[in-house]
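Colleague: I'm new to this one and would like a close look at a single part, the packing inside the smaller details of the fold. Could you start from one residue and work outwards?

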Amino acid sequence: MLQKKVCVLGAFGVGKTTLVRRFVESIFSEAYLTTVGVKIDKKTVRVGSEPVTLVLWDIAGEDAERSVRMNYVRGASGYFLVADGTRAETLDVASSIQGRVTAEVGGLPFLLLINKSDLQESWDIAAGPVESLERSGWGVVRTSAKTGEGVEEAFHELTRRMVS
Amino acid sequence: MLHLPTRISDWLLLLVTTQRSVAYLLIDQRQALAMSGGDLERHGLSGLLDGQQATEQWPFLEGLLPLSEAPFLLQSVGMPSGSVADVHFLVDEAGTWVVLLDVTSDHDEARIVQQKAYDMTLLSQREARLMRKLEAAHADLTVAHRELAESRDALVQSHRRLERELRDAERYVRAILPPPMTAPFDVDWRFVPSTELGGDSFGYHWIDAEHFALFVLDVCGHGVGAALLSVAVTNVLRSGGLQTDYHRPEDVLGSLNRAYQMDDHDGMYFTIWYGVYHHPTRRLRHASAGHPPAILVKGPRETRGEAVRLSSPGMLLGVLPSTRYESEECTLDAPARLFLFSDGVYEVHRPDDTMMEFSELESVLTAPVSADRSELDEVLHFAQHTRGGPLLEDDFSIVRMTI
């Protein structure tokens, strides 16, 4: 069976672990538990009739002191950049990580997930920068680990991009 | 290379193997598992089969093999058992060695510290965002407040200009009113325009040596427009500008009605009471176009008089061009006083919203009056008292002719 390593990257506290849990286990928890190192999960999806097992590397978020370790990303077939729609600065972090991944590992399929779309009243990311990224070829999906909005679609879309 | 005594190196080995739950895998060139051992169960990797593809048995290895560099370390990797391990990769002629060292307790301690730090950071970021929003809201409010103040100043200026214009119009209306007269009979009046300036006007003049005309009119509505029409009508009546017989009130009203149709005057219409007094015979001929009746009070001022309403049917002036008016006649036997007025004299609301009755006006006008006082002032004071203050809702116009 086809097996693909997928990294989930972004600033700390953007909801990477909850997105993976929502996708793998259909579970959501409001409690924020930080990730140290990396958590490995897997789930099989289908692209057409072909099953693809995604090995998901939920990697500790980046903060002011620690950057994402690029040796975690080696061997990945694709990755998610996750930003928190209620924290504009997390979009800058996502953009920075994308640049480093491209420099270190090369051009891999990726999607930008703007998470917490259920918190529209606290939305902090302006439309302009996102539209600019889309114009430059980024795939952008608004997601909510809480409601599940966009989550399944995002994982299937990245899988499709990885196997095509 | 650090050379340690065997006792020390053995002790270190024992320390690591007992505290770090060491486990290992050897993966050959075909990426198949060649051997495995150590505390695999601790890491959730028991049951691995030699000869089988390593990545199929432990998906974590997907994409990592063959190694691009060695030795290679991945720290704090979550294991299938829920424990956390540092994963070391070594390479020799036998293949790739994967060595697992348990770091669960270190990981848990680090997570507690990191959790607190992130919670604090998220809190301070949230506070900063809130402050930015508050500052933005404050800036918006400041701008809105300034714009509001500018609008208010503009409104105040506009209001003051309108007030000046109203007062100018009021002065003009007052300027065309005739002065009181005392011979051959006494005529006096009171005129108190409302704050918005109504459409009241009145006048009296000799048509010829024997006939004396007097009238009160009230244009609908308030403001400069109503005042302009009332002044225009007054000037026409005073100057004899109509092609009509000014001795016949019904003809005068008919001519006015044709000349001042509301369709040609911005929708405005008016009421008027018009009378012609023949001084030698003391006969009064009068007509009305929807105006309140005049009141004739018979008898001396010092005693309660008898009130007679002088009215005649007639539609509002300016509504229908074909309207015809009729006149009535009576004799003013001395002593008597004739009062002409607008509805503002008696349609006065009390603070409790009830309205003054017409009969109350008649009662005031027929009341005995001492020589040093005037019924006109009594009526004005009564209206202001009824209203509950000096400012009246409508123009107050009253004319008294004493025979």
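Modeller: Let's start with Phe80(A), in what is a predicted model. Leaving aside residues up to four places away in sequence, Phe80(A) touches Val8(A), Leu9(A), Phe110(A), Leu111(A), Leu113(A) and Leu158(A). Phe80(A) belongs to the largest nonpolar core, which has 64 residues. Within that core, the members that touch the most others are Val8(A), Leu9(A), Tyr79(A), Phe80(A), Leu81(A) and Val82(A). So if you click on Phe80(A) and then on its partners Val8(A) and Leu9(A), you are looking at three of the residues that touch the most other members. The element that gives the most to this core is strand β3 of chain A, residues 50–59, with six residues.

There is a second core to look for. Apart from the one around Phe80(A) lies another, of 59 residues, and its members include Val233(B), Ala294(B), Ile295(B) and Leu361(B). Keep Leu361(B) in mind, as we'll meet that residue again further on.

Now zoom out to the chain that holds Phe80(A). Chain A has five helices and six strands, and along the sequence they come in the order β-α-β-β-α-β-α-β-α-β-α. Of its 164 residues, 43% count as buried. As for how the chain folds back on itself, take the contacts in chain A with a separation of 6 or more: residues 24 or more positions apart account for 73% of them.

Two of those helices are worth a look together. Helix α1 of chain A covers residues 16–25 and helix α5 of chain A covers residues 151–163; their axes come within 10 Å and cross at roughly 85°. An angle from 65 to 115 degrees counts as roughly perpendicular, which means α1(A) is roughly perpendicular to α5(A). On the α1(A) side the contact is made by Leu19(A), Arg22(A) and Phe23(A), and on the α5(A) side by Val151(A), Glu152(A) and Phe155(A). Sorted by class, that contact has four nonpolar residues, no polar ones and two charged ones. Leu158(A), one of the partners of Phe80(A), has a number that falls in the α5(A) range of 151–163.

Over to chain B, where a helix pair gives you something to set beside that. Helix α6 of chain B, residues 358–366, packs with helix α7 of chain B, residues 375–387, at an angle of about 145°, and their axes are 9 Å apart. The crossing of α6(B) and α7(B) is right-handed. Here is Leu361(B) again: together with Val364(B) and Leu365(B) in α6(B), Leu361(B) meets Glu375(B), Glu378(B), Val379(B) and Phe382(B) in α7(B). By class, the residues of this contact are five nonpolar, no polar and two charged.

For chain B as a whole, count seven helices and 15 strands. Chain B has 403 residues, and buried ones make up 31% of them. Among its contacts between residues at least 6 apart in sequence, 61% join residues at least 24 apart.

The two chains also touch each other. That contact takes 23 residues from chain B and 21 residues from chain A. On the chain B side, the elements giving two or more residues are β3 (72–78) and α3 (104–176). The largest share of that side, nine residues, comes from α3(B). The chain B side breaks down into 10 nonpolar, 10 polar and three charged residues.

Last, a few backbone details in chain B. Most residues other than glycine have a negative phi, and most peptide bonds are trans. With that in mind, look at the loop between α2 (54–57) and β3 of chain B, where Pro66(B) lies. A cis peptide bond joins Leu65(B) and Pro66(B), with omega at about -5°. Pro71(B) is also found in the loop between α2 and β3 of chain B, and a cis peptide bond joins Ala70(B) to Pro71(B), again with omega at about -5°.

Then there are two positive phi values. Ser21(B), in the loop between α1 (6–19) and β1 (23–27) of chain B, has a positive phi of about 45° although it is not a glycine. Ser21(B) has 20 other C-beta atoms within 10 Å, so it is buried. Gln31(B) sits in the loop between β1 and β2 (33–38) of chain B, and its phi is near 65°. With 16 other C-beta atoms within 10 Å, Gln31(B) is partly exposed.

Methods
Residues numbered from 1 in each chain as written. Chains lettered and ligands numbered in written order. Predicted model: local features only at pLDDT ≥ 70, side-chain atom pairs only at ≥ 80, totals over all residues. Contact = placed C-beta atoms within 7 Å. Helix = DSSP H or I, 4+ residues; strand = E, 2+ residues; numbered from the N terminus. Nonpolar A, V, L, I, M, F, W, Y, C, P; charged D, E, K, R; others polar. Axes fitted to C-alpha atoms, helices over the stretch in contact; angles between N-to-C directions. Left-handed = near helix turned anticlockwise from the far one by under 90°. Parallel < 35°, antiparallel > 145°, perpendicular 65-115°, else oblique. Buried ≥ 20, exposed ≤ 12 C-beta atoms within 10 Å, placed from the backbone. Core = buried A, V, L, I, M, F, W, Y, C linked by C-beta atoms within 7 Å.
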